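Student: I would like to take a close look at the interior of this protein. Please treat its enclosed spaces and its nonpolar packing together.

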Amino acid sequence: MAIQEQTVLIDADITAYQVCSSAEMEWDWGDDIWSLITDFKEVKRSFEEAIEKIRETTEADKVTLCYTSSDNFRTRVLPSYKGNRKGTRKPMNLSSLREWTKNKYEVVSFPHLEGDDVLGILAGLNPSAFIYSADKDMKTLPVRLWSQDDRLAYHNNEVIADWYWMSQTLSGDTTDGYKGCPGIGPKRAADILGEPGQFELSEMWERVVAAYRKAKLTEDDAVVQAQVARILRHTDYNLDTGEITLWNPATL
């Protein structure tokens, strides 16, 4: 019986950003003229070391880098999504590093999707794969995740994943530019949803809608927040056509 390869799916957006940011150096040209410089050779070396460290730590046989594409589909659902990041300077060499990795690693990105979505889709399609990411949004996925605390890959089931997703729908994420339900943070969201696994998704959704209505908003408002908060799962995306199926409470 053949032993299945262990694949670690890496959130390369985070790793590349961290490496490029760390590589930037201030340079004083004299006469009060300063600039930032980087050594791209050092950037590539640091990235290779970071990826190898992840592979060794997770004891994976294979690594796959997952990147965000352009034209995020969520901006069509909520035009203000990540609008707070416009004009924010990205670290030097970020685009160059990404291009360089395409010739050295297995790199995956899908049109209109974020790297998080790519991670969720690939992990859902490959039972032997697991995700390595520092992003808390990964808990909204019913897939195998790498726990840096426990130093092992564990399976996040659908019940727990849905709870975290509904919690995000209520509390929002200011980093990503969606507000959730006014006045509700993570603690209040947990009070509304109960313990993870206590209620089915349909009942959690009823509680979410009730909270939005109490805040003088509608179920449609809640749906928009749920759609942008949901990291795509393999059932939400057609690999052959690139078609995205947005979640709708009518499916409950």
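How many cavities of 30 Å³ or more does the structure hold?

Tutor: The model is predicted, and it holds two cavities of 30 Å³ or more. The largest cavity contains about 50 Å³ of space. Its lining is formed by Arg74, Tyr81, Lys82, Glu114, Asp116, Asp137, Asp176, Tyr178, Val228, Ala229 and Ile231. Sorted by class, this lining comprises six charged residues and five nonpolar ones, with no polar residues. Among the charged residues are Arg74, Lys82 and Glu114, whereas Tyr81 and Val228 are among the nonpolar ones.

The second largest cavity encloses about 30 Å³. Around this space stand Gln227, Arg230, Leu232, Thr245, Leu246 and Trp247. Three residues of that lining are nonpolar, two are polar and one is charged.

The nonpolar packing can be described next. The largest nonpolar core has 27 residues, and Met166, Leu170, Trp205 and Val208 have the most contacts inside it. At least two residues of this core come from each of helix H6 (158–171), helix H7 (186–193), helix H8 (201–214) and helix H9 (219–229). Of these, H8 gives the most, with seven residues. Val208 illustrates the packing in detail: leaving aside residues up to four places away in sequence, Val208 touches Met166, Thr169, Leu170, Leu193 and Ala222. Separate from this assembly is a second core of 21 residues, which includes Val19, Phe47, Ile54 and Leu97.

Conventions
Residues numbered from 1 in each chain as written. Predicted model: local features only at pLDDT ≥ 70, side-chain atom pairs only at ≥ 80, totals over all residues. Heavy atoms only, no water. 1 Å grid on protein atoms, 1.4 Å probe; cavity = no way out; pocket = protein on both sides within 12 Å on 5 of 7 lines; lining within 4 Å. Points joined across faces, edges and corners; volume = space filled by probe spheres on them. Core = buried A, V, L, I, M, F, W, Y, C linked by side-chain atoms within 4.5 Å. Buried < 20%, exposed > 50% of the residue type's maximum accessible area, 1.4 Å probe, protein only. Helix = DSSP H or I, 4+ residues; strand = E, 2+ residues; numbered from the N terminus. Contact = heavy atoms within 4.5 Å.
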